[in-house]
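Student: I've got a protein model to look through and I'm not sure where to begin. Could you take me through it, one question at a time?

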Amino acid sequence: MSEDLVVERRPGVVQVTFNRPQKHNAFTAEMYGALHDLCDELATDESVKVLVLTGTGGRAFAAGNEISDFLSRDAVDYEDWIRSLLEKLFALPQVTIAAVDGVCVGGGLAVATHCDLRVATPHSRFGYPIAKTLGNALAASIVYRAAAVFGEPVVREMLLAARLITADRAYATGALTAVTDSLSDEVDALVEGILPLSGVTVRATKSQLATYAARTEASPDGDEDLLREVYTGADFKEGVRAFLAKEKPAFR
């Protein structure tokens with residue numbers, strides 16, 4: 001495991017804590033690689049019934065991706081690798097819970113929307129403000145998954161107006177199971193309720209929902225070409241430059 005991921009195990013449960021509080025727990029390539037490995041392991045581990053994902057520091061679940069990682073990689077290939085992790089996470093036989101305390105945006109929101117259940121503290125915020133920050137775009141399947149969780153009108157607001165959504169509003173859409181001041185207590189209650197459930201029922205239901213999502217949320221033909229045009233364009237170049245320089249981007 002990456003040192004930026006803290007993995008704790010107890011009977012039936014694995015908890016992963018994103019541990020880069022100084023960077024609002026933004027995901028690095030190493031963190032994604034460790035999550036790939038963990039998902040590969042859990043895919044065949046019938047002893048684990050619940051996977052909990054959370055962030056440390058009280059300010060963020062995860063605030064997107066480490067932008068500097070894009071500089072040494074083909075951006076579209078890197079996004080495709082991240083998307084393959086999200087597909088692994090979504091397909092896990094375990095019940096997956098995103099426990100959100102703070103900002104949950106960009107890559108963090110993609111991870112949270114590929115979990116089965118989400119709980120959050122009242123000050124948490126959700127969104128994809130990439131039109132304001134980086135000038136990039138999401139794979140269509142990630143947009144469709146967000147729309148399935150939050151509803152299309154809210155996702156249009158997230159992406160087209162670059163607005164963050166409050167926890168209360170996310171709860172009202174059904175995206176959150178609970179909004180609570182005691183995140184750990186709520187997660188513990190969920191876990192304790194899940195552990196005695198029939199694994200057969202859970203796995204069968206998750207398989208059915210995954211099949212439905214694969215049919216309704218698949219990226220259309222030409223989506224990779226669209227992303228490559230975005231990631232090689234002037235706006236993304238300016239977004240990365242401004243982000244690393246801690247300036248506001250001047251998009252054309």
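Tutor: Sure. One term before we start: helices and strands are DSSP runs, numbered from the N terminus, with at least four residues for a helix and at least two for a strand. Keep in mind too that this is a predicted model.

Student: How many helices and strands are there in the chain?

Tutor: Go along the chain and count each kind of run. The total is 11 helices and 10 strands.

Student: Why can we call the chain as compact as a globular protein of its length?

Tutor: Start with the globule rule, which gives 18 Å for 252 residues. The chain's own radius of gyration is close to that, so it is as compact as a globular protein of that length. Along its principal axes, the C-alpha trace spans about 55 × 40 × 35 Å. The radius of gyration itself is 17 Å.

Student: What share of the residues counts as buried?

Tutor: Here you need a cut-off: buried means under 20% relative accessible area. Among the 252 residues of the chain, the share that counts as buried is 49%.

Student: And what share of the contacts comes from residues 24 or more positions apart?

Tutor: Take the contacts in the chain with a separation of 6 or more. Of those, the share from residues 24 or more positions apart is 72%.

Student: How far apart are the centres of the positive and negative side chains?

Tutor: First count the two sets: 25 side chains are positive and 35 are negative. Then take the centre of each set, and the distance between them is 5 Å.

Student: Let's zoom in. Where does Arg20 lie?

Tutor: Look between strand E2, residues 13-18, and helix H1, residues 29-42. Arg20 sits in the loop between E2 and H1.

Student: Which residue forms a salt bridge with Arg20?

Tutor: The structure holds 16 salt bridges, and in this one the closest N and O atoms are 3.9 Å apart. It links distant parts of the chain, with the partner 16 residues away in the segment before strand E1 (5-10). That partner is Asp4.

Student: Are Asp4 and Arg20 buried or exposed?

Tutor: Use the 20% cut-off again. Asp4 has a relative accessible area of 18%, and Arg20 has 8%. Both values are under the cut-off, so Asp4 is buried and Arg20 is buried.

Student: Which residues is Arg20 in contact with, leaving aside its neighbours within four places in sequence?

Tutor: Asp4, the salt-bridge partner, is on the list of contacts. The full set is Asp4, Asn25, Ala26, Thr28, Met31, Thr56 and Glu66.

Student: What is the phi of Asn25?

Tutor: Asn25 is found in that loop between E2 and H1, and at 0% relative accessibility it counts as buried. Most residues other than glycine have a negative phi. Asn25 is not a glycine, yet its phi is positive, at about 60 degrees.

Student: What about the phi of His24?

Tutor: His24 lies in the loop between E2 and H1 as well. With a relative accessible area of 27%, His24 is partly exposed. Its phi is a positive value in a residue other than glycine, near 55 degrees.

Student: Moving to helix H11, how far apart along the helix are Glu238 and Arg241?

Tutor: These two form a salt bridge, with closest N and O atoms 2.9 Å apart. Glu238 is buried at 17%, while Arg241 is partly exposed at 39%. They are 3 residues apart in H11 (residues 234-245), which means a separation of about one helical turn.

Student: Which other residue forms a salt bridge with Arg241?

Tutor: The closest N and O atoms in this pair are 2.9 Å apart. The partner is partly exposed, with a relative accessible area of 45%. It is Glu247.

Student: Last one: which residues is Ala146 in contact with, leaving aside its neighbours within four places in sequence?

Tutor: Find Ala146 in helix H5, residues 140-150. Its relative accessible area is 0%, so Ala146 is buried. The residues in contact with Ala146 are Thr113, Tyr128, Gly151 and Val155.

How values were computed: Residues numbered from 1 in each chain as written. Predicted model: local features only at pLDDT ≥ 70, side-chain atom pairs only at ≥ 80, totals over all residues. Heavy atoms only, no water. Rg over C-alpha atoms; globule rule 2.2 N^0.38 Å. Buried < 20%, exposed > 50% of the residue type's maximum accessible area, 1.4 Å probe, protein only. Contact = heavy atoms within 4.5 Å. Lys, Arg positive; Asp, Glu negative; His and termini not counted. Charge placed at Lys NZ, Arg CZ, Asp CG, Glu CD. Salt bridge = Lys/Arg side-chain N within 4 Å of Asp/Glu carboxyl O.
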